[in-house]
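Ready for a few warm-up exercises? Try each one yourself on the picture, then check the worked solution below it.

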Amino acid sequence: SASSLEPDWLAVDDFVYQLQRADPERIGETAFDLVVVSLSAVGNSPEVIPALKDSPGSPKIVLCYMSIGQSENYRWYWNSDWEQNPPSWLDEPDGVWSGDRWVQYWHPEWQQIIYGTPESYLDKVIELGFDGVYLDRVDAYWYYQEQGRESAAREMVAFILDFTEYARKKKPGFGVFPQNAEELGILFPDFIASMTGIGVEDLYY
C-alpha cells in the first residue's frame, strides 16, 4: 500500500492546503498528490492518515501544519493559566492572528513542547502517521532580530535542524518543509540541505 512506502517527494505535482474545517473524507476524494492539514483534522484517530494515503481520489502524501515560532491558544498544549501567568518564553500577542503569541523559540521549555518527548507535538504527529511537517512562523526570527537579538536567525536554524534530526531518527525519510524565511537557505547552507522542500507565500511567477 502507499502508506508503507517512503514518500516520493519529487513526484508531487499539486497539493491542497486546508487548515480550517478540513474534512479528511472529502480531501480523500480529490486528485491532489499532497495535503497539508492540522492535527485538528485528524483528532487522535490513527485511521485517518492511512486512509488519506490510500484514498480513492489518488494516494496522498500527508503533512501536518505546525507553528513553531508562535504559540496558538487553540492547540492541545495550551495552558489556560498562561493568560495570567505566562511562562518566561511566552511573549506578546501577534496583533494580526487572534490567539497567537510570539515565543522565544530557542528556550528549552518551548522546544520540549514541540519535540523530544512522547507527549510532544512532533511525537504525536509521527505516531499518527504523517509523512512530514509544514513549519509555520519560521520567520519569527525577524521579530526578535528587530528587537536586537543578533543570534535569532542561527537559533531558528539550530532549532529546526535538531528537530529534523530527531524526527528522522524516529521515522527515516520524514519530510520537513519550512514556510517562508527562504533567505535562511542562503545564510545557512546546512539548513537548506537538510530540508525536504520549502513553501513560499505570496510568490508570483
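**Exercise 1.** Find the open sheet of 3 strands and work out its strand order and which strands stand at the edges.

*Solution.* Keep in mind that you're looking at a predicted model.
Step 1: follow the pairing across the sheet, and you get the order 4-6-5, with antiparallel pairing.
Step 2: look for strands with a single partner. Strand 4 and strand 5 (90-93) each have just one, so each has a side without a neighbour in the sheet.
Step 3: check the twist, which averages 40° from one strand to the next.
Step 4: zoom in on strand 4 and strand 6 (residues 100-103), antiparallel strands joined by 3 bridges. Here Gln 70 sits opposite Trp 102 of strand 6.

**Exercise 2.** Now do the job again for the open sheet of 5 strands, and say which helices pack on it.

*Solution.*
Step 1: the order reads 1-2-3-7-8, and the pairing is parallel.
Step 2: strand 1 (15-17) and strand 8 (175-178) are the edge strands, pairing on one side only.
Step 3: from one strand to the next, the twist averages 20°.
Step 4: pick out strand 2 (residues 34-37) and strand 3 (residues 61-67), which run parallel and share 4 bridges. Val 35 faces Val 62 of strand 3.
Step 5: add the helices. Helix 5 (residues 121-128) lies across strand 3 and strand 7 (132-136), at about 165° to strand 3. Helix 7 (residues 152-170) packs on the sheet too, where it touches strand 3, strand 7 and strand 8, and its direction makes about 160° with that of strand 8.

**Exercise 3.** Is Ile 68 buried or exposed?

*Solution.*
Step 1: locate Ile 68 in the loop between strand 3 and strand 4 (70-72).
Step 2: its relative accessible area is 1%. Buried means under 20%, so Ile 68 counts as buried.
Step 3: see what surrounds it. Leaving aside neighbours within four places in sequence, Ile 68 is in contact with residues including Val 103, Trp 110, Leu 135, Met 156 and Phe 159.
Step 4: try one distance as well. Ile 68 and Ile 113 are 45 residues apart along the chain, and their C-alpha atoms are separated by 9.7 Å.

**Exercise 4.** Which residues join Ile 192 in a nonpolar patch on the surface?

*Solution.*
Step 1: start at Ile 192, in helix 9 (residues 189-194).
Step 2: its relative accessibility is 35%, so Ile 192 counts as partly exposed.
Step 3: add its patch partners, Ile 198, Val 200 and Leu 203. Together with Ile 192, they have about 300 Å² of accessible area.

Technical notes:
Residues are numbered from 1 along each chain as its sequence is written. This is a predicted model: local features need pLDDT of at least 70, side-chain atom pairs count only at pLDDT 80 or more; totals for chains, interfaces and linings use all residues. Side-chain values use heavy atoms; hydrogens and water are left out. Two strands pair if DSSP finds at least two bridges between them. Helices (H or I, at least four residues) and strands (E, at least two) are DSSP runs, numbered from the N terminus. Axes are lines fitted to C-alpha atoms, for helices over the stretch in contact, and angles run from 0 to 180 degrees between N-to-C directions. Contact means heavy atoms within 4.5 Å. Patches are made of residues with over 30% relative accessible area and no salt bridge: like charges are joined within 9 Å, nonpolar side chains (Val, Leu, Ile, Met, Phe, Trp, Tyr) within 5 Å. Accessible areas come from the Shrake-Rupley method with a 1.4 Å probe; for residues, only the protein chains shown count as cover. A salt bridge is a side-chain nitrogen of Lys or Arg within 4 Å of a carboxyl oxygen of Asp or Glu. Buried means under 20% relative accessible area, exposed over 50%, partly exposed in between (1.4 Å probe, protein chains only).
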